[in-house]
Each structure stands twice: as C-alpha cells, then as structure tokens.
Amino acid sequence: MTNQISDYAIATLGSHTALQILKGAKDEGFHTIAICTKKTRKPYDSYGVADEIIEVENFTDYFQIENKLIEKNAIIIPHGSFVSYIGPEKIFNEMRAMHYGSKGILDWESDRTKERQWLTKAGLNLPKLYKTPEEIDRAVIVKFHGAKGGFGYFIAHSPQEFYERMKDHPDEHDFVIQEYIVGVPMYVHYFQSSLTGELEIMSFDKRYESNADSIGRIAARDQLDVDIHTSYTITGNVPVVVRESLLPMFFEIGNNVVEISKNLDHTPKGLYGPFCLEGVIDPKLNFRVFEISARIVAGTNPYTNGSPYTWLRYSEPMSTGRRIAREIKQGIESGRLEELLG
Ligand code: AMP
C-alpha cells in the first residue's frame with residue numbers, strides 16, 4: 001500500500017447516496033468509479049461525479065466485476081443499496097475488494113434481534129416489542145423483514161385488526177410488531193472517526209413518506225369515508241435542525257452505541273464511519289429509537305454542500321460522503337488505511 005491517494009480510487013454502486021459519495025471523493029482528489037446498470041447510469045453521467053462508470057447487467061452481478069475494482073485499487077463505500085443487493089453475508093465472506101467500514105457490523109444492523117440487543121445494552125429507549133399478535137393492547141406498527149423503504153408496514157390497534165390487515169399479506173411470515181410511538185420522526189447522522197477517535201454529528205433529517213406525510217391534508221371524516229390506511233413508503237428526505245438543548249443527549253447516546261459496538265462478535269474494530277440512529281421524539285422529548293443503520297444513510301443527501309452542523313466544524317462544504325473521503329485520504333497519507341478497512 002502506498003501513501004499517495006492517486007494510487008487509489010473510490011467506488012460505489014450508482015444508487016442511494018452515490019452522488020454525494022462520489023462528489024465528495026472527487027473534491028478530496030480521488031479517482032471515482034460508479035457501478036451502474038444501463039437503466040440507472042443517467043444521473044451519474046449527468047452530474048459528472050464519476051470519472052468512470054462500470055456497467056453491470058444487474059447490481060447483484062457485483063462479483064463479476066470485482067477483479068476490475070481490485071486492479072484499480074478501489075476502496076468500496078457501502079451504502080443502503082449496496083448492503084441490500086449484495087447482502088451482509090456475501091460482503092463478510094466473499095468480498096475481496098477494499099471495503100470502508102466494519103463488515104461484521106452490517107450483520108448486527110440487518111438482524112432485528114441482534115440490533116435490539118446492541119441498542120438495549122447501549123441504554124437506548126426502544127419501543128416495546130410484542131411477541132404475539134394476541135398481546136396487542138395499543139397502537140402498534142407491523143414491519144416486514146427486508147421491506148424496502150417502509151413499503152407494506154401497517155398500523156393495528158387490536159389482535160382482530162392485525163389479522164384483518166394480514167389478509168393483504170398472505171405470504172409474509174417474517175415480521176415484528178412494535179409499539180407505535182406518537183411523536184415526530186428524527187434521524188441522527190453520525191460520523192465516528194477511527195483516526196481521531198471522535199464522534200461527530202453531521203446532520204439530521206426526517207423522511208418524506210407516502211402516504212403518512214399527506215394524510216393530514218384530508219379531513220378525518222374523509223379518511224374514514226374512503227377507508228384510507230397509513231403507509232410509510234419513503235419517497236425522499238427533508239432536512240431538520242434540532243432544538244439545540246437536545247444535542248448533548250444525541251452525542252451521549254451516539255457515544256454509547258459506539259462503545260458497546262467494540263464488544264460485539266465479529267467486529268474487532270467496532271462501529272466506525274457514518275451511521276444513523278432512527279427514531280421518534282415524543283412530546284416529553286424522549287427519543288425512542290427503532291433502528292440503527294451502520295453505514296451512510298439517504299437522509300444525508302440534502303447536504304451535498306454540508307449541513308448547518310458541518311459548517312460549524314469545517315467552515316467548508318462537508319457532506320458525509322466527503323467526510324468519508326477525507327478520512328480515507330488522511331488514512332492513506334498517514335499510513336493508517338488498514339485501520340479503516342473492514
Ligand atoms: P423503518 O423502516 O423501521 O425505518 O420505519 C419506516 C417509518 O415507519 C419511519 O420513518 C417512521 O415514520 C415509521 N415508524 C417505524 N417504527 C415506528 C414506531 N415504532 N413508531 C412510530 N413510527 C414508526
């Protein structure tokens with residue numbers, strides 16, 4: 001391994017957060033590669049963020065072109081689509097190209113039981129889980145495993161309603177029943193630097209979900225008339241700045257999550273790089289966390305030019321994508337790249 005960033009490239013799948021990852025890498029001086037399909041390459045051409053595009057028939061064909069990436073000394077940045085198309089097991093067992101971030105941690109975030117164990121140990125306030133539909137005694141949200149972008153989730157208030165709504169999902173057997181928290185959604189975007197050991201808060205967002213975010217546009221009586229059910233399909237992300245007095249709490253819980261991750265199986269280096277805690281803030285200002293993403297999240301996309309928080313710290317445009325590239329650049333230049341690879 002050399003100490004010159006010109007000997008390396010930064011690559012990712014053309015989807016999810018690839019625009020800001022590649023733009024950020026270019027701004028830091030890297031050669032950038034987008035892996036695209038014929039159908040999905042247009043934005044990566046149009047915005048000029050990729051020095052090179054490698055085309056595949058399907059994203060799942062990643063392994064067919066991996067040798068090319070290895071020849072180019074490419075460092076792969078995993079994001080939500082990468083993890084979802086390739087799968088945490090294959091990333092852990094079969095991927096040979098350089099991978100930014102811990103591979104083992106992806107298994108902890110994608111398994112709801114393991115994730116819950118981790119977050120509970122870190123002292124987070126999680127929504128109650130129901131083992132059986134018979135126990136439903138208040139509003140619950142039913143989530144299907146592997147549901148993409150909240151598609152198909154539904155709300156129920158009783159065992160009867162649960163079974164009624166499940167008739168629309170005859171083939172689904174893998175789901176969780178979670179207490180529904182009434183409050184506002186809040187997603188916290190963190191960056192844990194391996195080089196400085198410091199945790200940074202990059203930004204916040206809330207999701208823009210169909211139809212949950214438009215139901216208030218229809219009077220309750222009309223909703224009942226046409227039998228509308230709430231769904232949570234993600235269509236985009238909306239930037240948020242939080243009440244400043246909540247920031248100490250967000251730093252504290254982020255640090256706890258990182259600390260506990262150091263003792264999880266198969267993750268000798270613990271959690272580092274970008275990650276996100278996803279939850280709802282209730283009217284008493286409790287942050288009820290329902291999920292962690294142990295990699296860059298799409299909620300950072302509004303901030304290709306930096307967020308109000310990164311501006312405070314950097315006084316230059318600093319997206320999460322660029323922060324990753326800066327960490328890798330500093331790792332390469334100081335001979336510490338190995339510490340950043342999972
Ligand atoms: P998820 O796929 O777990 O990130 O959830 C998708 C969306 O469902 C979130 O953005 C929330 O709007 C909503 N949601 C998920 N879990 C809960 C919960 N326990 N209480 C209230 N809303 C939730």
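In this predicted model, Gln 192 stands opposite Leu 199 in strand β11, and this pairing is a convenient place to begin. Strand β10, which covers residues 184–192, and strand β11, which covers residues 199–211, pair in the antiparallel sense over 6 bridges. The hairpin of β10 and β11 has 6 residues between the strands, and within this hairpin Gly 197 takes a positive phi near 75°.

Strand β10 also pairs with strand β13, which spans residues 273–281; here 9 bridges join the two strands, and they run antiparallel. In this pairing, Val 184 of the one strand stands opposite Ile 281 of the other. Of the 9 residues of β10, 7 are buried, so the strand is largely enclosed by the rest of the structure.

From these strands the reader can turn to the ligand, which has 15 residues around it, and of these Lys 143, Tyr 153, Ile 181, Tyr 187 and Glu 209 come nearest. The side chain of Lys 143 has an N or O atom 2.8 Å from an oxygen atom of the ligand, while a polar atom in the side chain of Tyr 153 lies 2.7 Å from a ligand oxygen. Arg 207 likewise offers an N or O atom of its side chain, at 3.1 Å from an oxygen atom of the ligand.

Lys 143 has a further partner within the protein, since the side chain of Gln 178 makes a polar contact with the side chain of Lys 143, at 3.1 Å. Gln 178 has its place in strand β9, and because its relative accessibility is 6%, below the 20% limit, this residue counts as buried.

The aromatic residues offer another way through the model, which holds 14 aromatic pairs. In one of these pairs, the rings of Phe 144 and Phe 154 have their centres 6.3 Å apart, and their planes meet at 55°, so the pair is tilted. This pair links distant parts of the chain, for Phe 144 belongs to strand β7 (residues 140–144) and Phe 154 to strand β8 (residues 154–156), with the two residues 10 residues apart. Both Phe 144 and Phe 154 are buried.

A second pair to consider is that of Phe 162 and Phe 175, whose ring centres are 5.6 Å apart and whose planes stand at 50°, so this pair too is tilted. Here again distant parts of the chain are linked, with Phe 162 in helix α8 (residues 159–166) and Phe 175 in strand β9 (residues 175–179), 13 residues apart. Phe 162 is buried, with a relative accessible area of 2%, whereas Phe 175 is partly exposed, with a relative accessible area of 26%. Together with Tyr 163, the residues Phe 144, Phe 154, Phe 162 and Phe 175 form one aromatic cluster.

An aromatic ring also takes part in an arrangement of another kind, in which the charged end of Lys 114 sits over the ring of Trp 108, 4.8 Å from the centre of that ring.

The cysteines may be considered last. The count of disulfides in the model comes to 0. Cys 36 is buried, with a relative accessible area of 0%, and Cys 276 is buried as well, with a relative accessible area of 0%.

Definitions and conventions:
Residues are numbered from 1 along each chain as its sequence is written. This is a predicted model: local features need pLDDT of at least 70, side-chain atom pairs count only at pLDDT 80 or more; totals for chains, interfaces and linings use all residues. Side-chain values use heavy atoms; hydrogens and water are left out. Rings of Phe, Tyr and Trp (its six-membered ring) pair if their centres lie within 6.5 Å; planes under 30 degrees apart count as stacked, over 60 as edge-to-face and the rest as tilted. Helices (H or I, at least four residues) and strands (E, at least two) are DSSP runs, numbered from the N terminus. Buried means under 20% relative accessible area, exposed over 50%, partly exposed in between (1.4 Å probe, protein chains only). A charge sits over a ring if NZ of Lys or CZ of Arg is within 6 Å of the ring centre and within 35 degrees of the ring normal. A disulfide is a pair of cysteine sulfur atoms within 2.5 Å. Two strands pair if DSSP finds at least two bridges between them. A residue is near a molecule or strand if one of its heavy atoms lies within 4 Å of it. A polar contact is a pair of N or O atoms within 3.5 Å; within protein, one must be able to donate a hydrogen and the other to accept it, and residues adjacent in sequence count only if both atoms are side-chain atoms.
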